[in-house]
Amino acid sequence: MKKIQTSTITEHIRNLCIRANYKLPESVATRIRACHENEPWPQTKETLGRLMENMEIAAGEQVPICQDTGMACVLIALGQEVQIVGGDLYEAIHEGVRRGYIEGYLRKSIVSDPLRRVNTGDNTPAMIHVDIVPGDTLTITVAPKGAGSENMSRLAMLPPSAGRDGVVDFVIETVKLAGPNPCPPIVVGVGLGGSFDVVAGLAKKAVLRPLDQPNPDEYYQELEKELLTKINALGLGPQGFGGESTALGVNIETYPTHIAALPVAVNINCHVARSATIVL
């Protein structure tokens, strides 16, 4: 049985919070550069150039790439042969977020109650998702998620008769309704299947999957390509200024579901599609 100290987890969470807010994943940065190179609209090309400049300044000077440094979404893949020792796993995660946001000079955006709206002052609690997986490793992903894009996300319990076309229509409608609000070019995560609660988690995992890793199922690879083509054909463009670069990518994650259900969720990320991962 492999043992991992909670103090080690706290330190890594602290570092991941800072790293994710300063530097984009390479697959996202590569897509932004590709959009800039291929974009035919002059104004849009200039806008993408400014996004690239901002991205490079943030990484070079070690400052946040966006003023909204997000809620700290923490995804844990806990190997069943790993034992967490030295304290409570959730408290270790919260403490890592607390240190990361304070020591990294990141904006604190979490309120302690959704209606009474009192800021907690340290960006805790984190939004934690834990999956038990085979093996003896602990994988930690920190994904700072801004509200501008999170607010544009939607979920629907479609009838199975809606089928593929119904899913496509719902995803495209969601992007249209979002318009420029989530700071495009966006990343679109689509969850399909499961139950009401499971499908939202699928969409969150989808939006965090590297953009150079298509769905392993060829059927869903084709659906990802179809959705990306249709979204970019909308012409919203970067920051809503028009052009062919509305989305950087579309990722789909699926799970079995009930014979009478077709849950679909869409989680949208802005062009600052941040995440950082470590495997212990």
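Which strands does α4 lie across, and at what angle does it run to β2? In this predicted model, α4 lies across β2, β4 and β5 (138–145), and its direction is at about 140 degrees to that of β2.

**View 1. The open sheet containing β2 and β4, with the helices that touch it.** Four strands form an open sheet of mixed pairing, in the order β4-β2-β5-β10. The edges are taken by β4 and β10 (276–279), each of which has a single partner strand, so one side of each is left without a neighbour in the sheet. From one strand to the next, the twist averages 15 degrees. Within this sheet, β2 (residues 71–79) pairs with β4 in the parallel sense over seven bridges, and C73 stands opposite M127 in β4. Helix α7 (residues 196–208) also packs on the sheet, where it touches β2, β4 and β5 and makes about 95 degrees with the direction of β2.

**View 2. The open sheet containing β7 and β8, with α6 and α7.** This open sheet of four strands is likewise described by its order, β6-β9-β7-β8, and its pairing is mixed. Its edge strands, β6 (154–158) and β8, each pair on one side only, and neighbouring strands are turned by 15 degrees against each other on average, direction ignored. β7 and β8 run parallel and are joined by nine bridges, with Y255 in β8 as the bridge partner of G193. Helix α6 packs on the sheet through β6, β7 and β9 (262–269), its direction making about 30 degrees with that of β9. Helix α7 lies across β6, β7, β8 and β9, and runs at about 145 degrees to β7.

**View 3. Helix α8, its buried side and its N-terminal cap.** The 15 residues of α8 (residues 218–232) should span 21 Å at 1.5 Å a residue, and the end C-alpha atoms are 21 Å apart, which agrees with that expectation. The buried residues of this helix are L223, E224, L227, I231 and N232; because they cover an arc of only 155 degrees around the axis, they are on the same side of α8. What covers these buried residues includes α6 (163–178), β7 (186–194) and β8 (247–257). The face turned away from the buried side carries the exposed residues E218 and T229. At the N-terminal end, α8 is capped by D217, a side-chain oxygen of which lies 2.8 Å from the backbone nitrogen of Y219.

**View 4. The loop between α4 and β4, with two positive phi values and a cis peptide bond.** R117 is placed in the loop between α4 and β4, and its phi is near 55 degrees, a positive value in a residue other than glycine. N123 lies in the loop between α4 and β4, with phi near 65 degrees, again positive in a residue other than glycine. R117 is exposed, with a relative accessible area of 54%, whereas N123 is buried, with a relative accessible area of 0%. T124 and P125 are joined by a cis peptide bond whose omega is about 5 degrees, and P125 is found in the loop between α4 (89–103) and β4 (127–133).

**View 5. The cis peptide bond in the loop between α6 and β7.** The peptide bond from P184 to P185 is cis, with omega near 10 degrees. P185 has its place in the loop between α6 and β7.

Key
Residues numbered from 1 in each chain as written. Predicted model: local features only at pLDDT ≥ 70, side-chain atom pairs only at ≥ 80, totals over all residues. Heavy atoms only, no water. Expected span 1.5 Å × (residues − 1). Buried < 20%, exposed > 50% of the residue type's maximum accessible area, 1.4 Å probe, protein only. Arc of directions from axis to C-beta. Contact = heavy atoms within 4.5 Å. Polar contact = N/O pair within 3.5 Å; in protein donor to acceptor, adjacent residues only side chain to side chain. Pairing = 2+ DSSP bridges. Axes fitted to C-alpha atoms, helices over the stretch in contact; angles between N-to-C directions.
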